[in-house]
Amino acid sequence: MRVALFLTCVNDTLYPDTGRAVVRLLTRLGVDVDFPAAQTCCGQAHYNTGYRHEAEPLARHFAEVFREYEAIVTPSGSCGAMVRELYPRMGERARAEGRGGALAATVAPVVPKTYELTEFLVDVLGVTDVGAYYPHTVTYHPTCHGLRALGLGDRPLKLLRAVKGLELVELPGAEECCGFGGTFAVKNADVSAAMGTDKVRNAESTGAEVLCAADNSCLMHIGGTMSRLRVGMRPVHIAEILASTEEGAAV
């Protein structure tokens, strides 16, 4: 199966190891992974800040870059939700404004074949045991877009439970937002910081070594809060856990 890795801006700029982990993981599972170098921002930051029209060229470009692939895999629930949930909405809104159906037609082919990583593993490849080894105590934070927009449900938990050596502990208040929310963290900094503190204190109460999630943007916010509160945990993207093996750990 030939798939494209949609890395996203945050991962490309700040967390490239997550992208490398996705490639290692999918390659280990027999998937042929391409990284289209022409990919850019999906437009989520623009759209969520109210610049809907400015996001449209980015949506068109995304569709052009990824159109020919069998599947598009991203280690980001929020960017995955942008494509799956908001691209169709953008197209319909353009039509309603009398600008025709061109945008809707352009994005339509890529919408159903865009998957968040854990969706792709469980629903498309049909696997939960990916041969991972991670000898640590882990708690899982379901990020808002993955939980509410994509409906990831227990897919990430199924994958984590199958990891050899991993002890999974439940996170109190797991479904509460961590407070990031993109520009929300800038516009409402005090509220965002308070929500982040609540999330970190709940994570700390589990005694876990690691808090994992499927979105590095949320992990960036949580990790920053952990650092300021001097909490002895670390944030790790789920892709990096699933890509880990006993051979890699030995090295």
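How many bridges join strand 5 to strand 6? In this predicted model, the count is three, and the two strands run parallel. Strand 5 covers residues 137–140, and one of its residues, T139, has V169 of strand 6 as its bridge partner. This pairing is a good place to begin a tour of the structure, which moves from the sheets to the salt bridges and then to the empty spaces.

Strands 5 and 6 belong to an open sheet of four strands, arranged in the order 6-5-7-8 with parallel pairing. Strand 6 and strand 8 (234–237) stand at the edges, and each has a single partner strand, so one side of each is left without a neighbour in the sheet. On average, and with direction ignored, neighbouring strands of this sheet are turned by 35° against each other. As general background, strands of a sheet pair through backbone hydrogen bonds, and the pairing can be parallel or antiparallel.

Another open sheet of four strands has the order 2-1-3-4, again with parallel pairing. Its edges are formed by strand 2 (32–34) and strand 4 (114–116), each of which pairs on one side only. Here, too, the average turn between neighbouring strands is 35°, direction ignored. Within this sheet, strand 3 (residues 71–74) runs parallel to strand 4 and is joined to it by three bridges. One residue pair can be picked out by name: V73 has Y115 of strand 4 as its bridge partner.

Attention now turns to the charged side chains. Side chains of opposite charge can pair when their charged atoms come close. In this model, the count comes to 13 salt bridges. One of them is formed by E97 and R52, with the closest N and O atoms 2.7 Å apart. E97 lies in the loop between helix 5 (77–96) and helix 6 (102–107), while R52 is in helix 4 (residues 52–66), so the pair ties together parts that are 45 residues apart in sequence. The two partners can also be compared by their accessibility: E97 is partly exposed at 35% relative accessibility, whereas R52 is buried, with a relative accessible area of 15%.

A further salt bridge joins R84 and E119, whose closest N and O atoms are 2.9 Å apart. This pair links distant parts of the chain, with R84 in helix 5 and E119 in helix 7 (residues 117–124), 35 residues apart. R84 is partly exposed at 27% relative accessibility, but E119 is buried, at a relative accessible area of 4%.

E246 and K164 form a salt bridge as well, with the closest N and O atoms 2.9 Å apart. Distant parts of the chain are linked again: E246 belongs to helix 14 (residues 246–250), and K164 to the loop between helix 9 (155–161) and strand 6 (167–169), 82 residues away. E246 is partly exposed, with a relative accessible area of 39%. Salt bridges with shared partners also join R52, E56, R60, R93, E97 and R99 into one network.

What, then, of the empty space in the model? Rolling a probe the size of a water molecule over the atoms shows where such space is left. The largest pocket has a volume of about 600 Å³. It is lined by 31 residues, of which Q44, S78, F180, G182 and S217 are the closest to its centre. Two or more lining residues come from each of helix 1 (9–14), helix 3 (44–48), helix 5, helix 8 (144–149) and helix 12 (216–229). Helix 5 gives the most, with six residues. Sorted by class, the lining of this pocket has 14 nonpolar, 15 polar and two charged residues.

A search of the whole structure also finds one cavity of 30 Å³ or more. The space in the largest cavity is about 50 Å³. Its lining consists of Y140, P142, T143, G146, L147, L152, G153, P156 and A214. By class, six of these residues are nonpolar and three are polar, with no charged residues.

A214, one of the residues lining the largest cavity, can also be related to a residue elsewhere in the chain. R67 has its place in the loop between helix 4 and strand 3, where R67 is partly exposed at a relative accessible area of 29%. The C-alpha atoms of R67 and A214 are separated by 24 Å, and the two residues are 147 residues apart along the chain.

Conventions
Residues are numbered from 1 along each chain as its sequence is written. This is a predicted model: local features need pLDDT of at least 70, side-chain atom pairs count only at pLDDT 80 or more; totals for chains, interfaces and linings use all residues. Side-chain values use heavy atoms; hydrogens and water are left out. A salt bridge is a side-chain nitrogen of Lys or Arg within 4 Å of a carboxyl oxygen of Asp or Glu. Buried means under 20% relative accessible area, exposed over 50%, partly exposed in between (1.4 Å probe, protein chains only). On a 1 Å grid over the protein atoms alone, a cavity is a set of points where a 1.4 Å probe fits but cannot get out, and a pocket is an open set with protein on both sides within 12 Å along at least five of seven lines; lining residues have an atom within 4 Å of a point. Grid points are joined across faces, edges and corners, and a volume is the space filled by probe spheres set on the points. Ala, Val, Leu, Ile, Met, Phe, Trp, Tyr, Cys and Pro count as nonpolar, Asp, Glu, Lys and Arg as charged, and the others, Gly among them, as polar. Two strands pair if DSSP finds at least two bridges between them. Axes are lines fitted to C-alpha atoms, for helices over the stretch in contact, and angles run from 0 to 180 degrees between N-to-C directions.
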